[in-house]
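Biologist: Could you walk me through how the helices and aromatic rings of this chain meet? I would enjoy going one question at a time.

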Amino acid sequence: MTFSKRYDEAVGKINASLDKVDWEKAGRIGAITGILLVLSLALVLVNSVLATIHLIPVIPGLLELLGLVVAVQWSYRNLYTKDKRHAFVERLRNLRKEYLG
């Protein structure tokens, strides 16, 4: 058997195998894998930035205080009165209907 016949046979087998692949499904799997890879990289970067910030003496305490202030402001804006709580629950229900059906 010559090289060209072997080559044609091998290429024919490869093409037959590739024709059996569901490329739409493979594309989704590739996209999901890419997203997970990017998220993993982002988590590593965020972790390193936060570890660096944690080494600065005053900054972690200030960030905790900022988080507390933001949480209190959000709670006051959305949960302080009965009407605000009702409006917040309605927004949550509308979002749930919109995204979950």
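What follows is a friendly exchange about a predicted model.

Biologist: Happy to begin with the helices. How are α3 and α4 oriented to each other: roughly parallel or roughly perpendicular?

Modeller: Helix α3 covers residues 59-79 and helix α4 covers residues 82-100, and their axes come within 7 Å. The axes cross at roughly 95°. Angles of 65 to 115 degrees fall in one class, so α3 is, relative to α4, roughly perpendicular.

Biologist: Thanks! Which residues of α4 meet α3?

Modeller: From the α3 side, the contact is made by Trp74, Tyr76, Arg77, Asn78 and Leu79. The residues of the contact divide into four nonpolar, one polar and four charged. On the α4 side, the partners are Lys84, Arg85, Phe88 and Arg91.

Biologist: Now the rings, please. What kind of aromatic pair do Trp74 and Phe88 form?

Modeller: The count of aromatic pairs in the model comes to two. In this one, the ring centres of Trp74 and Phe88 are 5.3 Å apart, and the planes stand at 85°. Trp74 belongs to helix α3 and Phe88 to helix α4, 14 residues apart, so the pair links distant parts of the chain. With plane angles over 60 degrees forming their own class, the pair is edge-to-face.

Biologist: And is Phe88 buried or exposed?

Modeller: Its ring partner Trp74 has 37% relative accessibility and counts as partly exposed. Phe88 has 18% relative accessibility. The cut-off for that class is under 20%, so Phe88 is buried.

Biologist: Good to know. What class does the pair of Tyr76 and Tyr80 belong to?

Modeller: Tyr76 is partly exposed at 49% relative accessible area, and Tyr80 is exposed at 54%. The centres of their rings lie 4.7 Å apart. Their planes are at 45°, so the pair is tilted.

Biologist: Which residue has its charged end over the ring of Tyr76?

Modeller: Tyr76 is one of the α3 residues that meet α4. The charged end in question lies 5.1 Å from the centre of the Tyr76 ring. The residue it belongs to is Lys84.

Biologist: Let me ask about Asn78. Which residues does Asn78 contact, leaving aside neighbours within four places in sequence?

Modeller: Asn78 is placed in helix α3. With 9% relative accessibility, Asn78 counts as buried. Beyond those sequence neighbours, its contacts are Lys84, Arg85, Phe88 and Arg91.

Biologist: What separates the C-alpha atoms of Ala51 and Leu79?

Modeller: Ala51 lies in helix α2, residues 23-55, and is partly exposed at 42% relative accessible area. Ala51 and Leu79 are 28 residues apart along the chain. Their C-alpha atoms are separated by 33 Å.

Biologist: One last one, if you don't mind. What separates the C-alpha atoms of Ile59 and Ser40?

Modeller: Ile59 lies in helix α3 and counts as partly exposed, with 30% relative accessibility. Along the chain, Ile59 and Ser40 are 19 residues apart. The separation of their C-alpha atoms is 25 Å.

Terms used:
Residues are numbered from 1 along each chain as its sequence is written. This is a predicted model: local features need pLDDT of at least 70, side-chain atom pairs count only at pLDDT 80 or more; totals for chains, interfaces and linings use all residues. Side-chain values use heavy atoms; hydrogens and water are left out. Axes are lines fitted to C-alpha atoms, for helices over the stretch in contact, and angles run from 0 to 180 degrees between N-to-C directions. Helices (H or I, at least four residues) and strands (E, at least two) are DSSP runs, numbered from the N terminus. Angles under 35 degrees count as roughly parallel, over 145 as roughly antiparallel, 65 to 115 as roughly perpendicular and the rest as oblique. Contact means heavy atoms within 4.5 Å. Ala, Val, Leu, Ile, Met, Phe, Trp, Tyr, Cys and Pro count as nonpolar, Asp, Glu, Lys and Arg as charged, and the others, Gly among them, as polar. Rings of Phe, Tyr and Trp (its six-membered ring) pair if their centres lie within 6.5 Å; planes under 30 degrees apart count as stacked, over 60 as edge-to-face and the rest as tilted. Buried means under 20% relative accessible area, exposed over 50%, partly exposed in between (1.4 Å probe, protein chains only). A charge sits over a ring if NZ of Lys or CZ of Arg is within 6 Å of the ring centre and within 35 degrees of the ring normal.
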